[in-house]
Amino acid sequence: MILSIVLLLVGFVILIFGADKLVEAASALAANFGIPNIVIGLTVVAFGTSAPELVVNVFAAVNNSPEMVMGNVLGSNIFNVLAILGVSSVIYPLAVKSNTTWIEIPLAFLAALLVLIVASDQLLDKMPDDLITRSEGIVMLLFFAVFLAYNIIVSKSPGQKPESIEIPKYSSAQSLLWIIVGLTGLVLGGKLIVDNAVSIASTLGIPERVIGLTIVSIGTSLPELATSIAAVRKKKVDIAIGNVVGSNIFNIFFILGVSSTILPITIQPENFRDIWMNIIAGLLLFVFIFTGKERKLERWEGVIFLVLYTAYVTSLVMDSL
């Protein structure tokens with residue numbers, strides 16, 4: 001048991017280190033080939049920050065652990081909105097620019113609703129089981145492709161200020177070496193996390209879903225947490241909220257899409273509470289942003305987020321005991 005906990009923590013360290021090095025090296029390699037910074041930011045960097053969730057979910061899908069798959073995706077999205085934006089907005093109120101307000105926040109909410117729709121086979125189609133199928137996973141990936149194309153088009157529109165990103169100076173050979181190191185870290189860290197999370201759940205008699213919704217999802221969301229807090233401390237509040245909203249769209253359209261394409265995901269009755277919690281978090285963000293005089297997430301709204309997240313996690317733990 002103690003060994004599993006240690007290996008789980010080691011897995012998180014290796015996973016996040018691997019994702020960080022992969023982003024640095026891939027960005028440097030892309031820059032060496034003359035790819036514009038804005039394209040690097042919207043592809044390499046965006047994929048890199050979601051790499052921990054992706055790798056963990058791929059291993060969970062291959063290991064036939066659908067509860068871990070759903071727990072990690074939904075748990076990450078709930079943590080992103082209620083905890084990360086909660087903490088960030090308490091530090092400094094978060095203002096958003098128009099395209100994030102009018103397009104990406106509603107899209108993140110619609111993505112949360114999409115999960116409910118594709119998971120409700122018994123209700124909508126009178127099927128014997130609730131299942132996210134491979135075809136539904138492919139549809140999610142098509143949505144993701146459209147979202148990625150939209151981001152690239154918006155970034156190139158007149159008057160749009162590109163977000164500056166720091167790209168290390170690596171030679172192509174160094175970049176390839178660090179890409180290999182980063183990918184190795186992702187694979188090794190992801191396997192350690194999934195194997196030991198399942199082991200801990202089995203030993204304690206806690207459902208894999210709860211482990212995925214709490215420990216695993218929080219651990220894989222650490223890059224988003226670090227990025228958002230750093231951005232808020234520098235008063236770059238739009239980056240903080242854009243980072244979270246973009247990550248949530250990535251998690252559903254891309255990561256859940258890839259996971260369900262690998263393995264159709266069986267939805268348990270307990271999963272619907274988490275699906276609804278994800279919808280409520282997205283709806284609250286939508287309402288808070290659109291109801292004020294300015295497009296801001298205020299400190300008191302951040303406190304509500306944190307209280308709601310604390311209550312949700314507490315209920316998960318109490319129900320599993």
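Here are some exercises on the structure above, each with a worked solution.

**Before you start**

This is a predicted model, so local features need pLDDT of at least 70, side-chain atom pairs count only at pLDDT 80 or more, and totals for chains, interfaces and linings use all residues. Residues are numbered from 1 along each chain as its sequence is written, and side-chain values use heavy atoms, with hydrogens and water left out.

**Exercise 1. Check the length of helix H12 and work out which way it faces.**

*Step 1.* Find the helix. Helices are DSSP runs of H or I with at least four residues, strands are runs of E with at least two, and both are numbered from the N terminus. H12 covers residues 299-320.

*Step 2.* Work out the span. The expected value is 1.5 Å times one less than the number of residues. For the 22 residues of H12 that gives 32 Å, and the end C-alpha atoms are indeed 32 Å apart.

*Step 3.* Pick out the buried residues. Buried means under 20% relative accessible area, exposed means over 50%, and partly exposed is in between (1.4 Å probe, protein chains only). In H12 the buried ones are Glu301, Gly302, Phe305, Tyr309, Tyr312, Val313, Leu316 and Ser320. They sit on the same side of H12, because they cover an arc of only 105° around the axis. That arc is taken from the directions from the helix axis to the C-beta atoms.

*Step 4.* Now look at the other face. Turned away from the buried side are the exposed residues Trp300, Val307 and Met318.

*Step 5.* See what does the covering. Contact means heavy atoms within 4.5 Å. The cover over the buried residues of H12 includes helix H3 (66-91), helix H8 (208-220), helix H11 (271-291) and strand E4 (296-297).

**Exercise 2. Run the same length check on helix H7, then see what follows it.**

*Step 1.* H7 has 33 residues (172-204), so it should span 48 Å at 1.5 Å a residue. Its end C-alpha atoms are 47 Å apart, which agrees.

*Step 2.* Go one residue on. Glycine 205 follows H7, and its phi is positive, near 75°.

**Exercise 3. Explore the largest nonpolar core.**

*Step 1.* Such a core is a set of buried Ala, Val, Leu, Ile, Met, Phe, Trp, Tyr and Cys residues joined through side-chain atoms within 4.5 Å. The largest has 87 residues, and Met70, Leu256, Ile275 and Leu285 touch the most other members. Helix H10 (residues 237-262) gives the most to this core, with 13 residues.

*Step 2.* Zoom in on leucine 256. Skipping residues up to four places away in sequence, its contacts are Val69, Met70, Val73, Val115, Ile132, Met140, Asn251 and Ile265.

*Step 3.* Follow one of those contacts. Valine 73 is in helix H3 and is buried, with a relative accessible area of 3%. Beyond four places in sequence, valine 73 touches Asn57, Asn251, Ile252, Ile255 and Leu256.

**Exercise 4. Hunt for salt bridges and say what they link.**

*Step 1.* A salt bridge is a side-chain nitrogen of Lys or Arg within 4 Å of a carboxyl oxygen of Asp or Glu. The whole structure has 4 of them; let's take three.

*Step 2.* Glutamate 24 pairs with lysine 21, with the closest N and O atoms 3.5 Å apart. Both are in helix H1 (residues 2-32), 3 residues apart, about one turn of the helix. Glutamate 24 is partly exposed at 23%, while lysine 21 is buried at 15%.

*Step 3.* Aspartate 274 pairs with arginine 209, closest N and O atoms 2.6 Å apart. This pair links distant parts of the chain, with aspartate 274 in helix H11 and arginine 209 in helix H8, 65 residues apart. Aspartate 274 is buried at 1%, and arginine 209 is buried at 8%.

*Step 4.* Arginine 273 meets aspartate 319 at 2.9 Å, N to O. Arginine 273 is in helix H11 and aspartate 319 in helix H12, so the pair ties together parts 46 residues apart in sequence. Arginine 273 is partly exposed at 35%, whereas aspartate 319 is exposed at 54%.

**Exercise 5. Place leucine 141 and find its partners.**

*Step 1.* Leucine 141 is in helix H6 (residues 134-155) and is partly exposed, with a relative accessible area of 26%.

*Step 2.* Leaving out residues up to four places away, leucine 141 touches Phe253, Phe254, Gly257, Val258 and Thr261. Leucine 141 and phenylalanine 253 are 112 residues apart in sequence, yet 5.6 Å apart in space, C-alpha to C-alpha.
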